[in-house]
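Please keep the sequence and the model side by side while reading, since the following paragraphs move from one strand pairing outward to the core and the ligand.

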Amino acid sequence: MKNFLELVKARYSSRAYSDRKVEPEKVEYLLECARLAPSAVNLQPWHFIVIEGADMRSKLAECYKREWLREAPLYIVVCADKAQSWKRRKDGHDHADIDAAIAIEHICLAATEQGLGSCWVCNFDAELCSQVLNLEGELYPVAIIPVGYATDEPTEKRRKALEEIVSRM
Ligand SMILES: Cc1cc2nc3c(=O)[nH]c(=O)nc-3n(C[C@H](O)[C@H](O)[C@H](O)COP(=O)(O)O)c2cc1C
């Protein structure tokens, strides 16, 4: 069992997958970890779409044309609903993306813990994705998360030093 820092270090953006299917109990585990994520005012303004069928996977992959994305045996599209999210009273700031982001990272860390690879994908055609998934109202896709058994290796974590990013007052 990894401690949290080890888990954080072990997670990386995997961009190569084998065609081995993800066990259903592992998919449920990731979804349960997402479900338990915190959200502003506990409004849970999210929806998780699990895509495993070849036809839907192929349609979804059109939203982000990278060959490696096609390799993943499963995608979880994390959506947020602006009709349900908390807006800060003072300035109206919408917290939908923040809430979705926490759930997404829960999924990615849980995947790592389960021996699975994953990757945040946000640079996709969101309009096409909404069409493909038939999203309605104020529900929109925040990220596509490919999940599967990674065949690539983590690269060195390039991160700013703590001194650069932390102030103490
Ligand atoms: C909000 C967000 C959006 C991202 N979008 C993409 C993306 O569209 N395509 C991609 O290949 N990686 C994407 N990434 C992955 C980042 O490139 C990656 O997390 C970063 O380079 C650090 O590498 P690591 O995840 O391996 O530690 C995204 C990451 C985040 C957090």
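Ser118 stands opposite Val147 in strand S4, in a model that is predicted, where local features need pLDDT of at least 70, side-chain atom pairs count only at pLDDT 80 or more, and totals for chains, interfaces and linings use all residues. Residues are numbered from 1 along each chain as its sequence is written.

Strand S3 (residues 117-118) is joined to S4 by 2 bridges, and the two run antiparallel; strands are DSSP runs of E with at least two residues, helices are runs of H or I with at least four, and both are numbered from the N terminus, while two strands pair if DSSP finds at least two bridges between them. S4 also runs antiparallel to strand S2 (residues 74-81), with 8 bridges joining them, and here Cys79 has Pro141 of S4 as its bridge partner.

S4 (residues 139-148) is mostly covered, with 9 of its 10 residues buried, that is, having 20 or more other C-beta atoms, placed from the backbone, within 10 Å of their own. The largest nonpolar core (a set of buried Ala, Val, Leu, Ile, Met, Phe, Trp, Tyr and Cys residues joined through C-beta atoms within 7 Å) holds 39 residues, of which Val78, Ile107 and Ile145 touch the most other members. At least two residues each come from helix H2 (24-35), strand S1 (46-51), helix H3 (54-61), S2, helix H5 (96-113) and S4, and H5 gives the most, with 8 residues.

The ligand is surrounded by Tyr12, Ser13, Cys119, Trp120, Val121, Cys122, Asn123 and Lys157, a residue being near if its C-beta atom, placed from the backbone, lies within 6 Å.

Methods
A residue is buried if 20 or more other C-beta atoms lie within 10 Å of its own, exposed if 12 or fewer, and partly exposed in between; C-beta atoms are placed from the backbone.
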